[in-house]
Amino acid sequence: MKKIVVLLSGQGANLQALIDACQRGAIDGKIAAVISNRADAYGLIRAREADIPTALFERSNYSGNQAMDKAIGDFIAEIGADLIVLAGYMKILSQPFVERFAGRILNIHPSLLPKYKGLNTYQQAMQAGDSEHGTTVHFVTPELDSGAVILQARVPIFADDEVVDVEARVKEQELHIYPLVVQWFVSGRLHMEQDRAYLDGRLLPPSGYADE
């Protein structure tokens, strides 16, 4: 059974979706540890309630980002994790860390990449007058939010929407698509090669998988 490590900084809603999927057999893998850079992250409580080991790595305890990431990487390597899942991890990973685990790190970003990388994506989409927004699961590469797209989910933006309305729709979709992509990976269907995503041996298009 493949081992999964989840990195998070906050509430852990996507972590809970992954825990639930593992428990009901929708993910043929085991969450071996949950790592956070914040001691007050509620996701750590979710992990403990599910009897999943946790680890805390705080930036103030290290000389720099690379030193912190090396410690995290050594911890992950010792576990023997097959997959690293970023679930609201609010820290940019250093290039050495990403290269160390190339092709084994997934992230979910609340926009239809390549649009709106970084923060405040909901506000950016609404200020631009977009009629839709969404979320993207992608492989992590050294350039921020630029790895190969695996799967996207779209939601509408209505004229009378507030940011919280669009955010709620996006987050609902995230809870469905992230466990699905994790299962693709742990079952051997999904892999990255030369910074491109392949599912069942077929190169995915720039916008990711589309159910035809």
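Helices here are DSSP runs of H or I with at least four residues, strands are runs of E with at least two, and both are numbered from the N terminus. Everything in these close-ups comes from a predicted model.

**Close-up: Thr121**

Thr121 sits in helix 5, which covers residues 121-127. Buried or exposed, what is Thr121 here? With a relative accessible area of 2%, Thr121 falls under the 20% cut-off, so it goes down as buried. Look for its side chain reaching the backbone oxygen of Pro110, at 2.5 Å. Leaving aside residues up to four places away in sequence, Thr121 touches His109, Pro110, Ser111, Tyr116 and His133.

**Close-up: where the domains meet**

Domain 1 (1-101) and domain 2 (107-211) make up the division of this protein, and their C-alpha centres are 20 Å apart. On the domain 1 side, 19 residues are in contact with 15 residues of domain 2. Putting the two together buries about 1,500 Å², and 75% of that is on carbon and sulfur atoms. How many salt bridges run between domain 1 and domain 2? The count is zero. Polar contacts do turn up: three residue pairs across the interface, both partners at pLDDT 80 or more.

**Close-up: the domain 1 side of that interface**

On the side of domain 1 that touches domain 2, the elements giving two or more residues are strand 1 (2-8), helix 1 (13-23), strand 4 (83-86) and helix 4 (95-100). Which element gives the largest share? That would be helix 1, with five residues. Sorted by residue type, this side of domain 1 splits into 13 nonpolar, two polar and four charged residues.

**Close-up: helix 1 and what covers it**

Helix 1 has buried residues at Asn14, Leu15, Ala17, Leu18, Ile19, Ala21 and Cys22. What covers them? The list includes strand 1, strand 2 (29-36), helix 2 (42-49) and strand 4, along with strand 5 (105-109) and helix 6 (163-186). Just past helix 1 comes Gly25, and its phi is positive, near 85 degrees.

**Close-up: Arg100 and Asp74**

The structure holds nine salt bridges, and this view picks out one of them, between the side chains of Arg100 and Asp74, at 2.9 Å from N to O. The pair links distant parts of the chain, with Arg100 in helix 4 and Asp74 in helix 3 (residues 65-79), 26 residues apart. Side chains of opposite charge can pair when their charged atoms come close. Arg100 has a relative accessibility of 37%, so it counts as partly exposed. Asp74, at 32%, counts as partly exposed too. Keep Lys70 in the frame as well: a network of salt bridges links Lys70, Asp74 and Arg100.

**Close-up: Asp130 and Lys115**

Asp130 and Lys115 bring their side chains together in a salt bridge of 3.1 Å, N to O. Asp130 belongs to the loop between helix 5 and strand 6 (132-139), while Lys115 belongs to the loop between strand 5 and helix 5, so the pair ties together parts that are 15 residues apart in sequence. How exposed are the two partners? Asp130 has a relative accessible area of 17%, which is under 20%, so it is buried. Lys115 has 40% and is partly exposed.

**Close-up: Asp161 and Arg169**

Asp161 forms a salt bridge with Arg169, and the closest N and O atoms are 2.7 Å apart. Asp161 counts as buried, with 10% relative accessibility. Arg169, its partner, has a relative accessible area of 22%; buried means under 20%, so Arg169 is partly exposed.

**Close-up: Glu99**

Glu99 is part of helix 4. Its relative accessible area is 47%, so Glu99 is partly exposed; the exposed class takes over 50%. How far is Glu99 from Ser9? In sequence the two are 90 residues apart, and in space their C-alpha atoms are 22 Å apart.

How values were computed. Residues are numbered from 1 along each chain as its sequence is written. This is a predicted model: local features need pLDDT of at least 70, side-chain atom pairs count only at pLDDT 80 or more; totals for chains, interfaces and linings use all residues. Side-chain values use heavy atoms; hydrogens and water are left out. Domain bounds come from an automatic or database domain assignment. Contact means heavy atoms within 4.5 Å. Buried area is the accessible area (1.4 Å probe) that two parts lose on being put together, summed over both. A salt bridge is a side-chain nitrogen of Lys or Arg within 4 Å of a carboxyl oxygen of Asp or Glu. A polar contact is a pair of N or O atoms within 3.5 Å; within protein, one must be able to donate a hydrogen and the other to accept it, and residues adjacent in sequence count only if both atoms are side-chain atoms. Ala, Val, Leu, Ile, Met, Phe, Trp, Tyr, Cys and Pro count as nonpolar, Asp, Glu, Lys and Arg as charged, and the others, Gly among them, as polar. Buried means under 20% relative accessible area, exposed over 50%, partly exposed in between (1.4 Å probe, protein chains only).
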